[in-house]
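User: Got a model open here and I'd like to talk it through. Can you take me over the strands, the core, the surface and the charge pairs?

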Amino acid sequence: MPSRSAGSRPPHLAKSIRHPRGPFAPPPTVSHAALLVAGSDVAFRETLYLMVLAFSRLIACREAFGRALGLTGSQFAVLFGVAYVQGRDGVSIRRLAEHVQLASTHVTTEVGRLVRKGLLAKAANPRDRRGVLVGLSPRGEAAVDEVAPFLRRVNDRLFAGVSRAQIASLDRFLRMFARNGEAAVAEILRSRNQETKRTKKGRG
């Protein structure tokens, strides 16, 4: 096997990355004036990267809360969602899904799993014969009490120094961001469909 002399450059590295016509200027990834600084979207991009980091850590916390009870992150969310909105008679799947911001079909699946684990109980909805009401079982209440101190310790660190006004502002932003997300996903699907049509046309 031929040896490389000391100080030699690995074959996959270019001699230089200098661009003779000057540095490359990527096109902006957003056009809203409020998100640009002197016409640049660099600060916007850095905020996006920070959002991804923050959300990934939030999801990691949820997964850890679930593991503490032998559950997945989404099962933990459903369990605690029930604890907070069940009231005296239980909560409907639709209301529960709205509270935990998950699809009703997903919530239905997770509720079934939690019922089989003995953490939730279901009963007929007296106001809707086709529906059910969900509530914590005694075992579910014990699980919520058991893991609550762990949640409190983590959340106190996660939101240290955050004011009520900042939380309110964040809530307003996230509600708008979630609504806009529906339109963004629709745009992705539209672009995908157009690309599929172009590909099929090219093959034809």
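Analyst: Let's settle one term before the strands. Two strands pair if DSSP finds at least two bridges between them. Also, this is a predicted model.

User: Fine. How many bridges link β2 and β3, and in which sense do they pair?

Analyst: Six bridges, antiparallel. β2 covers residues 120–125 and β3 covers residues 128–136.

User: What joins β2 to β3?

Analyst: A hairpin, through two residues. Asn125 of the β2 strand has Asp128 in β3 as its bridge partner.

User: And β1, how many bridges join that strand to β3?

Analyst: Two bridges, again with the strands running antiparallel. β1 is residues 91–92.

User: What stands opposite Val134 in β3?

Analyst: Val91 stands opposite Val134, and so does Lys122.

User: What's the strand order in the sheet, then?

Analyst: β1-β3-β2. It is an open sheet of three strands with antiparallel pairing. β1 and β2 are the edge strands, each pairing on one side only.

User: Switching to the inside. How many residues are in the largest nonpolar core, and which have the most contacts there?

Analyst: The core has 26 residues. Leu79, Leu96, Val111 and Leu120 have the most contacts inside it.

User: Which elements supply at least two residues each?

Analyst: Five helices and one strand appear on that list: α1, α2 (73–85), α3 (93–100), α4 (104–116) and α5, plus β3. The largest share comes from α2, with six residues.

User: Back to Val111. What does that residue touch?

Analyst: Leaving out residues up to four places away in sequence, Val111 touches Val78, Ile93, Leu96, Leu120, Lys122 and Val134. Two of those names have come up as a facing pair: Lys122 stands opposite Val134. Leu96 and Leu120 are also among the residues with the most contacts inside the core.

User: What about Ser137? Where is it, and is it buried or exposed?

Analyst: Ser137 lies in the loop between β3 and α5. It counts as buried because its relative accessibility is 9%, and buried means under 20%.

User: What's it in contact with?

Analyst: Beyond its neighbours within four places in sequence, Ser137 is in contact with Gly118, Leu119, Leu120 and Ala121. Leu120 is again one of the residues with the most contacts in the core.

User: Now the outside. Which residues form the nonpolar patch on the surface?

Analyst: Phe55, Leu58, Leu158, Phe159, Val162, Ile167, Leu170, Phe173, Leu174 and Phe177. Together they have about 790 Å² of accessible area.

User: Which elements give two or more residues to it?

Analyst: α1 (42–68) and α6 (164–203). α6 gives the largest share, five residues.

User: Where's Phe159, and why does it count as partly exposed?

Analyst: Phe159 is in the loop between α5 (138–158) and α6. It counts as partly exposed because its relative accessibility is 37%, and that class lies between 20% and 50%.

User: Last topic, charges. How many salt bridges does a search of the whole structure find?

Analyst: Five. As background, side chains of opposite charge can pair when their charged atoms come close.

User: Which partner does Glu110 meet in a salt bridge?

Analyst: Arg113, at 3.3 Å, N to O. Both lie in helix α4, three residues apart, about one turn of the helix.

User: How do Glu110 and Arg113 compare, buried or exposed?

Analyst: Glu110 is buried, with a relative accessible area of 2%. Arg113 is partly exposed, at 37%.

User: And in α6, what does Arg190 form a salt bridge with?

Analyst: Glu187, with the closest N and O atoms 2.5 Å apart. The two are three residues apart in α6, about one turn of the helix. Arg190 is partly exposed at 41% relative accessibility, and Glu187 is partly exposed at 37%.

User: What does Glu195 meet?

Analyst: Arg198, at 2.7 Å, N to O. Glu195 and Arg198 also lie in α6, three residues apart, about one turn of the helix. Glu195 counts as partly exposed, with 41% relative accessibility.

Note on methods. Residues numbered from 1 in each chain as written. Predicted model: local features only at pLDDT ≥ 70, side-chain atom pairs only at ≥ 80, totals over all residues. Heavy atoms only, no water. Patch = residues over 30% accessible without salt bridge, like charges linked within 9 Å, V, L, I, M, F, W, Y side chains within 5 Å. Areas by Shrake-Rupley, 256 points an atom, 1.4 Å probe, with all protein chains shown as cover. Salt bridge = Lys/Arg side-chain N within 4 Å of Asp/Glu carboxyl O. Helix = DSSP H or I, 4+ residues; strand = E, 2+ residues; numbered from the N terminus. Buried < 20%, exposed > 50% of the residue type's maximum accessible area, 1.4 Å probe, protein only. Core = buried A, V, L, I, M, F, W, Y, C linked by side-chain atoms within 4.5 Å. Contact = heavy atoms within 4.5 Å.
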